[in-house]
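User: Please take a close look at one part of this protein, its pockets. I would like a connected account in plain terms.

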Amino acid sequence: MDKISLYVLDTRKYSFGELLALTKLDEGEISFLERYHVLDVKKEKLVSYYFKKKYVGDYFLNERGKPISNNVFFNISDSKGMVVLAISNNREVGVDVEILTPKDQSLVKYVCSEEEYKFVENEIDFVSVWTSKESIVKCLGTGIKSNIKGIPALPLVGKKTYEGLVFYSTSFRYGDSIISLTLKGEEEFDYTLISEDTKYKQESCT
């Protein structure tokens, strides 16, 4: 069974200076952050760069704009301070994280298929559906362009088919967020969640 590594850091717990100390990046490496003027976004981009440098190494963008490495399969996501990196040694991977927010009924109707609409009863259900869809298209490398209802979210844990390909997904709650992870292929996988949080110790889980 494939084993996926998920590296997680909640930047909301840290000042920008604390993150600089944690990541140990030099001024040259972080010069690209000058283009970001919102502090929270700057913190996320800092951690994203740090994760890719530490766990991925060199990478490039393919014709679809998806980051690709010759060493590992990887994907990264951030949402309102949460940053998650997924690493797979054998299969294409997509990951999405979203902070839980009250569900907007008009957005639920826009995003969900008829089956998914019946499934959604609260914000946890809706964010799980949303991140599941996102993780599939991020695994494929296309992003959500149109017909979001046609991207399958259910089952949240299990096999699903999209654009003639089979994927296996899982979704779970982590603190005040939902993380969804999708791999190409029908085989199940396991994952280990590794917190990079040195300020507030958290347990890893599988």
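By class, how many nonpolar, polar and charged residues does the lining of the second largest pocket have?

Analyst: The model is a predicted one. In the second largest pocket, the lining divides by class into six nonpolar residues, one polar residue and four charged residues. The residues that line this pocket are K80, E98, I99, T101, P102, K103, D104, L107, F126, V127 and W130. Two elements give two or more residues each to that lining, namely β6 (93-99) and α5. Of these, α5 provides the largest share, which is three residues. The space in the second largest pocket comes to about 180 Å³.

The largest pocket can be described in the same order. Its volume is about 430 Å³. There are 22 lining residues, and those closest to the centre of the pocket are K45, K52, P67, I76 and D78. Three elements each supply two or more residues to this lining: α2 (39-55), β4 (73-79) and α5 (123-140). The largest share comes from β4, with five residues. By class, the lining of the largest pocket holds nine nonpolar, six polar and seven charged residues.

One element links the two descriptions. Helix α5 gives two or more residues to the lining of the largest pocket, and α5 also gives two or more to the lining of the second largest pocket. The largest share, however, comes from β4 in the largest pocket and from α5 in the second largest pocket.

Note on methods: Residues numbered from 1 in each chain as written. Predicted model: local features only at pLDDT ≥ 70, side-chain atom pairs only at ≥ 80, totals over all residues. Heavy atoms only, no water. 1 Å grid on protein atoms, 1.4 Å probe; cavity = no way out; pocket = protein on both sides within 12 Å on 5 of 7 lines; lining within 4 Å. Points joined across faces, edges and corners; volume = space filled by probe spheres on them. Helix = DSSP H or I, 4+ residues; strand = E, 2+ residues; numbered from the N terminus. Nonpolar A, V, L, I, M, F, W, Y, C, P; charged D, E, K, R; others polar.
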